[in-house]
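Reader: I would like to learn how to read charged side chains and pockets in a model. Can we work through one case?

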Amino acid sequence: MTATAAQIMEGPSRAEALARLRRLERLADRMDRAFRLPGTNIRFGWDSIVGLLPGIGDTATLAPAAWIIMEGHRLGLPRHSVAQMVGNAGIDWIVGSIPLVGDLFDVGWKGNLRNVALIRRHLEGV
């Protein structure tokens, strides 16, 4: 089934937008809180693990963060929200690039979850 020009201009249906949000939430969970440190409530994800790779780790984790930001844009987030999402990803990347301190910061910052929460708030307000 092909979409008409009017459907493309309107954006995704409510059901499609919520399905996309659920996919983004699953990705953000994997990136930011997939694992729990035994004996604690500290959760971390693939972002923290991949970020341990010197030089390329934090840069590699920008790909899923960029996808979340692009989906937010496609779902109609206002520019200020998209800018906030870019800022969250930028902070994650810049501070995460600092050896050791950045790795600890990654465990607490959870930029992908912050960005998906912005998308959820937008969709719930629409």
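Author: We take salt bridges, then a lone acid, then the pocket. Keep in mind that the model is predicted.

Reader: How many salt bridges are there?

Author: Side chains of opposite charge can pair when their charged atoms come close. Here the count is six salt bridges. One of them joins D29 to R33, with the closest N and O atoms 2.7 Å apart. Both residues sit in helix α2, four residues apart, about one turn of the helix.

Reader: Is E71 buried or exposed?

Author: E71 counts as buried because its relative accessibility is 7%, and the cut-off for buried is under 20%. E71 forms a salt bridge with R74, the closest N and O atoms being 2.9 Å apart. R74 is partly exposed, at 45%. The two residues lie three apart in helix α5. R20, E71 and R74 are linked in a network of salt bridges.

Reader: What is the nearest side chain of opposite charge to D92?

Author: It is R114, 8.5 Å away. D92 is buried and has no salt bridge. D92 lies in helix α6. Beyond its sequence neighbours within four places, D92 is in contact with residues including D47, D58 and W109.

Reader: Which residues lie nearest the centre of the largest pocket?

Author: They are L53, P54, G55, D58 and S97, from a lining of 16 residues. Helices α4 and α6 are the elements that give two or more residues to this lining. The largest share, three residues, comes from α4. The lining divides into eight nonpolar, six polar and two charged residues. The pocket holds about 170 Å³ of space.

Methods:
Residues are numbered from 1 along each chain as its sequence is written. This is a predicted model: local features need pLDDT of at least 70, side-chain atom pairs count only at pLDDT 80 or more; totals for chains, interfaces and linings use all residues. Side-chain values use heavy atoms; hydrogens and water are left out. Buried means under 20% relative accessible area, exposed over 50%, partly exposed in between (1.4 Å probe, protein chains only). Lys and Arg count as positive and Asp and Glu as negative; His and the chain ends are not counted. A salt bridge is a side-chain nitrogen of Lys or Arg within 4 Å of a carboxyl oxygen of Asp or Glu. Contact means heavy atoms within 4.5 Å. On a 1 Å grid over the protein atoms alone, a cavity is a set of points where a 1.4 Å probe fits but cannot get out, and a pocket is an open set with protein on both sides within 12 Å along at least five of seven lines; lining residues have an atom within 4 Å of a point. Grid points are joined across faces, edges and corners, and a volume is the space filled by probe spheres set on the points. Ala, Val, Leu, Ile, Met, Phe, Trp, Tyr, Cys and Pro count as nonpolar, Asp, Glu, Lys and Arg as charged, and the others, Gly among them, as polar.
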